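Let's take a walk through this fold together, going from the whole chain down to single residues. Keep the viewer open as you read.

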Amino acid sequence: MALNIGLLGKKIGMTQVFADDGEAVPVTVIQAGPCAVVGTRTVERDGYSAIVLGFDEKPARLANKAELGAAKVSSTKPQRFVREIRLPAEEVAKYTVGQVVGPKDVFKDGMPLDVEGVSKGKGYQGVIKKHHMSGMTRAHGTHEYFRHGGSIGCRLTPQRVHKGKRMAGQMGNEKKTIQNLQLFRILADENCILVRGSVPGGVNEYVVVTAAATRAAYKRKGMGKEEVRSKNPLKASKKAAAGRG
């Protein structure tokens, strides 16, 4: 498990901003904080180390007794969205219960992020919408099964339906994580971050934003170093003939 610091937030929506070189960048606006540290987990007491973050305060009249007790211990208000962020013990020691953390305290411009959220629910859908199947031909001999799933097995062999068979069912409403997104810009005054691309969930859905688990620097596909052109005219002509010149 990657033990990376992160924040809780809310997806505000999507827009576009312009980079310094004039590129129009589609970004998702996420309100990432302020997050309150409402608790900690230690190896001695709990068997693992983590910090417990809370986001989006709610009135005390809407909180149950357990939430009111936790808020009293941490000297904070009850929170609507509470999650644990696993961290090494030395990192957990840097945070105190009741401390307020914002995006400027955790993230840096340009760093890669992983964003976890619940995807939009699409209800019960058929195989064409859910699995992109082609369906049946609309010819004269085809009747009433243009969008049907077709055969799912045989009573002789295999005498059952294989696990994982692509069939109609609920679509969406699943926990998804989009990895290695670029933190394009931090709006510290609004406690918001601009993330290049889209993230799971609809508007006002809660998300968990953490430092990327698989890489330390963001790298766009197709934006690497330019290929060094060969000085050999024979090699250059071959590349031109292949459409790579």
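**A walk through the model**

Of the protein's 245 residues, 34% count as buried. Bear in mind that this is a predicted model. In secondary structure terms, you're looking at six helices and 12 strands. The accessible surface adds up to about 16200 Å², and carbon and sulfur atoms own 51% of that. As for how the chain folds back on itself, take the contacts with a separation of 6 or more: 71% of them are between residues 24 or more positions apart.

Let's start with the sheets. Strands of a sheet pair through backbone hydrogen bonds, either parallel or antiparallel. Here, four strands make an open sheet with antiparallel pairing, and reading across it you get the order β5-β4-β3-β6. The edges belong to β5 (79–86) and β6 (100–101); each has a single partner strand, so one side of each has no neighbour in the sheet. On the β5 side, the partner is β4 (residues 50–57), and those two run antiparallel over seven bridges. If you want a register mark for that pair, find Leu53: its bridge partner in β5 is Arg83.

Now move on to β7 (residues 112–118). How many of its residues are buried? Five of the seven are, so β7 is largely enclosed by the rest of the structure. β7 pairs with β10 (residues 175–187) in the antiparallel sense, over six bridges, and Leu113 has Leu181 as its bridge partner in β10. β7 is also joined to β12, again antiparallel, by four bridges. There, Asp114 is matched with Thr210 in β12. Leu113 and Asp114 thus give you handy places to check the register on β10 and on β12. While you have the strand on screen, remember that side chains in a regular strand alternate between the two faces of the sheet.

β12 also leads us to a loop. Gly201 sits between β11 (192–196) and β12 (206–211). Is that glycine buried or exposed? With a relative accessible area of 7%, Gly201 falls under the 20% cut-off and counts as buried. Leaving aside residues up to four places away in sequence, Gly201 touches Lys11, Val118, Ser119 and Lys120. Val118 is a residue you've already met in passing, since β7 covers residues 112–118. Gly201 and Glu174 are 27 residues apart in sequence, yet their C-alpha atoms are 9.3 Å apart in space.

A second loop worth a stop runs between α5 (127–131) and β9 (169–171), and that's where you'll find Thr142. Thr142 counts as buried too, at 8% relative accessibility. Its side chain reaches the backbone oxygen of Thr137 at 2.9 Å. Thr137 also turns up among the contacts of Thr142, together with Met136, once residues up to four places away in sequence are set aside.

For a helix, try α2 (residues 65–74). At its start, a side-chain oxygen of Asn64 comes to within 3.3 Å of the backbone nitrogen of Ala66. At the other end, α2 is followed by Ser75, which has a positive phi, near 60°.

What about charged pairs? Searching the whole structure turns up seven salt bridges. One of them links Lys58 and Glu67, with the closest N and O atoms 3.0 Å apart. Lys58 is buried, at 14% relative accessible area, while Glu67 counts as partly exposed at 28%. Glu67 lies within the span of α2, residues 65–74. Another salt bridge joins Arg45 to Asp46 at 3.1 Å between the closest N and O atoms; Arg45 is exposed at 55% relative accessibility, and Asp46 is partly exposed at 32%. Glu91 and Lys94 make a salt bridge as well, their closest N and O atoms being 3.1 Å apart. In that pair, Glu91 is partly exposed at 27% and Lys94 is exposed at 57%.

Last stop: the cysteines. How many disulfides does the structure hold? Zero. Cys35 is buried, with a relative accessible area of 0%, whereas Cys154 is partly exposed at 40%.

Key:
Residues numbered from 1 in each chain as written. Predicted model: local features only at pLDDT ≥ 70, side-chain atom pairs only at ≥ 80, totals over all residues. Heavy atoms only, no water. Salt bridge = Lys/Arg side-chain N within 4 Å of Asp/Glu carboxyl O. Buried < 20%, exposed > 50% of the residue type's maximum accessible area, 1.4 Å probe, protein only. Contact = heavy atoms within 4.5 Å. Areas by Shrake-Rupley, 256 points an atom, 1.4 Å probe, with all protein chains shown as cover. Disulfide = S-S within 2.5 Å. Polar contact = N/O pair within 3.5 Å; in protein donor to acceptor, adjacent residues only side chain to side chain. Pairing = 2+ DSSP bridges.
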